[in-house]
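Open the model in your viewer and keep the selection panel handy. We will go from stop to stop, with a word on what to look for at each.

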Amino acid sequence: MIEFQDVSRTYGDKLAVNGLSLSIKSGELFSMLGHNGAGKTTSIKMIVGLLRPSEGTVTVGGYDVVTQTRDAAQLIGYVPDQPYLYEKLSGREFLRFVAEMHGLGPDAVRDGLDREIERFGLAEFVDDLTESYSHGMKQRTVFASALLHNPSVLVVDEPMVGLDPQSIRLVKDLFRSETRDGLCVLMSTHTLTAAEEVSDRIGVMDHGSMIFKGTVKELQALHPHQDATLETLYLKMLSPDQDGGGEQEPRSVG
Ligand SMILES: Nc1ncnc2c1ncn2[C@@H]1O[C@H](COP(=O)(O)OP(=O)(O)OP(=O)(O)O)[C@@H](O)[C@H]1O
């Protein structure tokens, strides 16, 4: 459903994403990992049409996100890392606005709002102005807005930040149930335990390049201690001297 074909993106002289090729299928959850500045958000913004690739193409459901933007956008739900809400609207007004922007008719708007308010437990505060929301309340409202139009693809930048444990569980359960029903999910995250728990595959970005893509098991198989956690393997791959071992580890597959 999501396809990067040899995609690069520069900011001036800075190469932020370097020759990324990646294909994520329907029903698959792919987690993009990497240190600060590795190129994750830049990659995500190219899927949702906020940035254009400098080279290569990105398609969603077969639609080129640059030349067939509207068709691609109809398939995508996007949760950015900084949840943005219109402060002088209530959560309900914001959700209705987003649903109408997607072209949903009155019945679909009502059904979508009811479904997502219930799913994300928004009822208690959805009629308050969003300026009064905590970060987690904003994040849950933005999640709800991203799913109103039943997207085929969900793109999520740092989904777990600022959420309480109950909301983290909710998001993980949502990922599991919706991917079972065919949703394609790409998330960027620093929460390695959650990534290990829910991902079908992971990709590790380093200075704009994807230096590993595959399953956690495939990553473990590259390592002498095959029961190592994703966190241990990740730190060894990106900071090999951090644990004092200094041994050379395999750095890439796929
Ligand atoms: N608007 C911009 N102008 C110039 N350089 C940028 C811009 N946005 C990002 N960069 C640079 O591009 C590189 C990749 O940044 P990006 O935001 O994609 O990283 P990231 O992996 O999402 O990082 P983080 O984990 O901190 O969110 C970094 O070197 C960053 O400084």
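Start by selecting Asp6, which lies in strand S1. The model is a predicted one, and in it the phi of Asp6 is near 50 degrees, a positive value in a residue other than glycine. For background, most residues other than glycine have a negative phi. Is Asp6 buried or exposed? Asp6 is exposed, because the count of other C-beta atoms within 10 Å is 12, and a residue with 12 or fewer is classed that way.

Now widen the selection to the whole of S1, residues 2-11. Seven bridges join S1 to S2, and the two strands run antiparallel. At one spot along this pair, Tyr11 stands opposite Lys14 in S2.

Zoom out to the sheet around them. Four strands form an open sheet in the order S2-S1-S4-S5, with antiparallel pairing. Its edges are strand S2 (14-24) and strand S5 (63-64), each of which pairs on one side only.

Next, show the ligand. Which residues surround the ligand? They are Tyr11, Lys14, Ala16, Gly34, Asn36, Gly37, Ala38, Gly39, Lys40, Thr41 and Thr42. Two elements, S2 and helix H1 (40-47), give two or more residues each to this shell. H1 gives the most, with three residues. Colour the shell by residue class and you will find three nonpolar, six polar and two charged residues.

Move on to strand S6, residues 76-79. Ile76 and Tyr78 point one way, Gly77 and Val79 point the other way, and all are buried. That fits a familiar pattern: in a regular strand the side chains alternate between the two faces of the sheet. Add strand S7 (residues 153-157), which is joined to S6 by four bridges and runs parallel to it. Here Val79 has Val156 of S7 as its bridge partner.

For a helix pair, select H3 (residues 91-101) and H4 (residues 106-119). Their axes come within 10 Å and cross at roughly 130 degrees, which means that H3 is oblique to H4. The crossing of H3 and H4 is right-handed.

Finish at His207, in the loop between strand S9 (201-206) and strand S10 (209-214). The phi of His207 is near 50 degrees, again a positive value in a residue other than glycine. His207 counts as partly exposed because 14 C-beta neighbours lie inside 10 Å.

How values were computed:
Residues are numbered from 1 along each chain as its sequence is written. This is a predicted model: local features need pLDDT of at least 70, side-chain atom pairs count only at pLDDT 80 or more; totals for chains, interfaces and linings use all residues. Two strands pair if DSSP finds at least two bridges between them. A residue is near a molecule or strand if its C-beta atom, placed from the backbone, lies within 6 Å of it. Ala, Val, Leu, Ile, Met, Phe, Trp, Tyr, Cys and Pro count as nonpolar, Asp, Glu, Lys and Arg as charged, and the others, Gly among them, as polar. A residue is buried if 20 or more other C-beta atoms lie within 10 Å of its own, exposed if 12 or fewer, and partly exposed in between; C-beta atoms are placed from the backbone. Axes are lines fitted to C-alpha atoms, for helices over the stretch in contact, and angles run from 0 to 180 degrees between N-to-C directions. Angles under 35 degrees count as roughly parallel, over 145 as roughly antiparallel, 65 to 115 as roughly perpendicular and the rest as oblique. A crossing is left-handed if the near helix is turned anticlockwise from the far one by less than a right angle, and right-handed if clockwise.
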